[in-house]
Amino acid sequence: MRKTTRKKIAPIVVTALVVAYIAPLMVLVLWAMGLWSNGRTVQVMFPLLCWLIVGGAVIVGAVKALRERLREIDGGEEEDASQY
């Protein structure tokens, strides 16, 4: 296994764990809000929307950080920095 391939495993695993943790929480909140609202959509929509925005931002941020980290590994920036 190449050295760069081994370095890519950890960021991919961490990103998968973050998504696997946040996505079910988002679904659970959606389900709980549906049961709890009893037809009161106006009172429930703001917290629900906030939760979806925060959860979505966490997932999007984790994927963006993964893409940037993989680019850094492919570009060899770590090898350049280790010379100093």
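**Exercise 1. A residue in the first helix**

T15 lies in helix α1. Work out whether T15 is buried or exposed, and find which residues beyond its sequence neighbours T15 is in contact with.

*Solution.* Before starting, keep in mind that this is a predicted model.

Step 1. Look up the accessibility: T15 has a relative accessible area of 10%.

Step 2. Compare that with the cut-off. Buried means under 20%, so T15, at 10%, counts as buried.

Step 3. Now look for partners, leaving aside the neighbours within four places in sequence. T15 is then in contact with A62, V63 and L66.

**Exercise 2. The overall plan**

Describe the protein as a whole: how many helices and strands does it have, and in what order do the elements run?

*Solution.* Step 1. Count the elements: there are 3 helices and 0 strands.

Step 2. Read them from the N terminus on, which gives α-α-α.

Step 3. Turn to burial. The protein has 84 residues, and 18% of them count as buried; T15 from the opening exercise is one of the buried residues.

Step 4. Consider the surface. The accessible area comes to about 6,500 Å², and carbon and sulfur atoms account for 69% of it.

Step 5. Finish with the contacts. Taking those between residues at least 6 apart in sequence, 71% join residues at least 24 apart.

**Exercise 3. Salt bridges**

Find out how many salt bridges the model has, and say for each which residues take part.

*Solution.* Step 1. The rule asks for a side-chain nitrogen of Lys or Arg within 4 Å of a carboxyl oxygen of Asp or Glu. By this rule the count is 2.

Step 2. One bridge joins the side chains of K8 and D74, with 2.8 Å from N to O. This pair links distant parts of the chain: K8 sits in helix α1 (residues 3-37) and D74 in helix α2 (residues 41-75), 66 residues apart. Their C-alpha atoms are separated by 9.2 Å.

Step 3. Check how open the two partners are. K8 is partly exposed at 23% relative accessible area, while D74 is exposed at 52%.

Step 4. The other bridge is between E72 and R69, whose closest N and O atoms are 3.4 Å apart. Both residues belong to helix α2; because they are 3 residues apart there, about one helical turn separates them.

Step 5. Check these partners too: E72 is partly exposed at 26%, and R69 is partly exposed at 25%.

**Exercise 4. Beside the bridge in sequence**

K7 is another residue of helix α1. How far apart in space are the C-alpha atoms of K7 and I73, and what is the accessibility of K7?

*Solution.* Step 1. Along the sequence, K7 and I73 are 66 residues apart.

Step 2. In space, their C-alpha atoms are 7.3 Å apart.

Step 3. K7 has a relative accessible area of 25%, so K7 counts as partly exposed.

**Exercise 5. A nonpolar patch**

Identify which residues make the nonpolar surface patch, then decide whether L17 is buried or exposed.

*Solution.* Step 1. The patch is made by I9, V13 and L17, and covers about 270 Å².

Step 2. Place one member: L17 is found in helix α1, the helix that also holds T15.

Step 3. Apply the cut-off. Exposed means over 50%; L17 has 57% relative accessibility and therefore counts as exposed.

Step 4. Set two residues of helix α1 side by side: L17 is exposed, whereas T15 is buried.

How values were computed. Residues numbered from 1 in each chain as written. Predicted model: local features only at pLDDT ≥ 70, side-chain atom pairs only at ≥ 80, totals over all residues. Heavy atoms only, no water. Helix = DSSP H or I, 4+ residues; strand = E, 2+ residues; numbered from the N terminus. Buried < 20%, exposed > 50% of the residue type's maximum accessible area, 1.4 Å probe, protein only. Patch = residues over 30% accessible without salt bridge, like charges linked within 9 Å, V, L, I, M, F, W, Y side chains within 5 Å. Areas by Shrake-Rupley, 256 points an atom, 1.4 Å probe, with all protein chains shown as cover. Contact = heavy atoms within 4.5 Å.
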